[in-house]
Amino acid sequence: MLESVFVVMAPIYHRNPVSTRGLRRVTAEKRRNNYAGFCFQARHFVQGARIGRGCLTLLRNFGSTITIRHETFGRRYSAVRLYKKDDGFMPLRDAEPGDIPAILALYNQAVRETTAAWTSQEETLDERITWFETRQNAGWPVIVATSPEDKLIGFASYGAFRPREGYRKTLEHTVYVDPKFQGQGIGAKLLQQLIEKAQTQEVHVLVGVVDGDNTASIALHKKLGFEVAGRLPEAGTKFGRWLDLVFLTKIVTPDLDSPDV
């Protein structure tokens, strides 16, 4: 069973909000608002379980969050599950037809709230089914990241960059991660998996097309060996402002010979 990691959110104005016995202090970047965090690990979370060498008792388990009581101070706290970058808490697998509604919901959230997709038109379930079937028929991967409860928290895929056959060895990829889980290495794992899939399928170049203000995505691509191949100033618009379009490319099979035809 995967070991779960939780962070206890305790108001910092308490002199000693949570005893540090059996707990590990959370790094500064994990603190949120006026809360100080301590995190702990446990393999089994059932009602009444004692956590952190017995100083905490589990009251309620909601999956991604739990409610606990500090036995010394008698106070109740919420704890939020963390998914660390390098510990396998983010299983990746090939998408299945049953994942399509969750993929659709994640994409449409990006349409409504972000500039990741330069459109205000949300997709329908039928449109996303067609998208999924097109990729399956072409042999292109659709990969999903899931939580330990098998909730879909991200997906990635690649498809045609341009329709003409001269571009057939160049594909354009997309990566979407649930905002609640961003910044935890999920996007990097998904993109790395796409790179490995592309190498096995003898794709020559992967292209990422990113909003110029999305510095996190650009930094992620650069970390995995992508280079900025070009920027189109004010090429699009959304939410009442002009948007730059950035192309990031990576030659994933540098030794691949060019097709004869």
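Which residue lies over the face of Phe161? The residue is Arg162, at 4.2 Å from the ring centre. Keep in mind that this is a predicted model. Let's use that spot as a way into the aromatic rings, then move on to the strands.

**Rings and their partners**

A search through the whole structure turns up four aromatic pairs. Take Tyr107 and Tyr176: their ring centres are 5.7 Å apart and their planes meet at 80 degrees, so this pair is edge-to-face. What's fun here is where the two residues come from. Tyr107 belongs to helix H1 (residues 100-113), while Tyr176 belongs to strand E11 (residues 170-177). They are 69 residues apart, so to speak linking distant parts of the chain.

Back to Phe161, which has a ring partner as well: Phe161 and Tyr167 form an edge-to-face pair, with 6.0 Å from centre to centre and 65 degrees between the planes.

How buried are these four residues? The cut-off for buried is under 20% relative accessible area, and exposed means over 50%. Here they are side by side:

| Residue | Relative accessible area | Status |
|---|---|---|
| Tyr107 | 11% | buried |
| Tyr176 | 12% | buried |
| Phe161 | 17% | buried |
| Tyr167 | 38% | partly exposed |

Tyr167 counts as partly exposed because its 38% falls in between those two limits.

Ring pairs also build something bigger than a pair: Tyr107, Trp131, Phe155 and Tyr176 are linked into a cluster. Trp131 has a charged visitor too, since the charged end of Arg128 sits over its ring, 4.1 Å from the centre.

**Strand E11 and its neighbours**

Tyr176 brings us to E11, the strand that holds this tyrosine. On one side of the story is strand E10 (residues 152-160), which pairs with E11 in the antiparallel sense over seven bridges. For a concrete example, look at Tyr158, whose bridge partner in E11 is His173.

E11 also pairs with strand E12 (residues 205-211), and here the two run parallel, joined by four bridges. Thr170 is a good place to look, as this residue stands opposite Val205 in E12.

How does the chain get from E11 to E12? Helix H3 (residues 186-200) is part of the answer: E11, H3 and E12 together make a right-handed β-α-β unit.

One thing to try while you rotate the model: in a regular strand, side chains alternate between the two faces of the sheet.

How values were computed
Residues numbered from 1 in each chain as written. Predicted model: local features only at pLDDT ≥ 70, side-chain atom pairs only at ≥ 80, totals over all residues. Heavy atoms only, no water. Phe/Tyr/Trp six-rings, centres within 6.5 Å; stacked < 30°, edge-to-face > 60°. Buried < 20%, exposed > 50% of the residue type's maximum accessible area, 1.4 Å probe, protein only. Lys NZ or Arg CZ within 6 Å of the ring centre and 35° of its normal. Pairing = 2+ DSSP bridges. Right-handed = clockwise from strand over helix to strand, strands pointing away.
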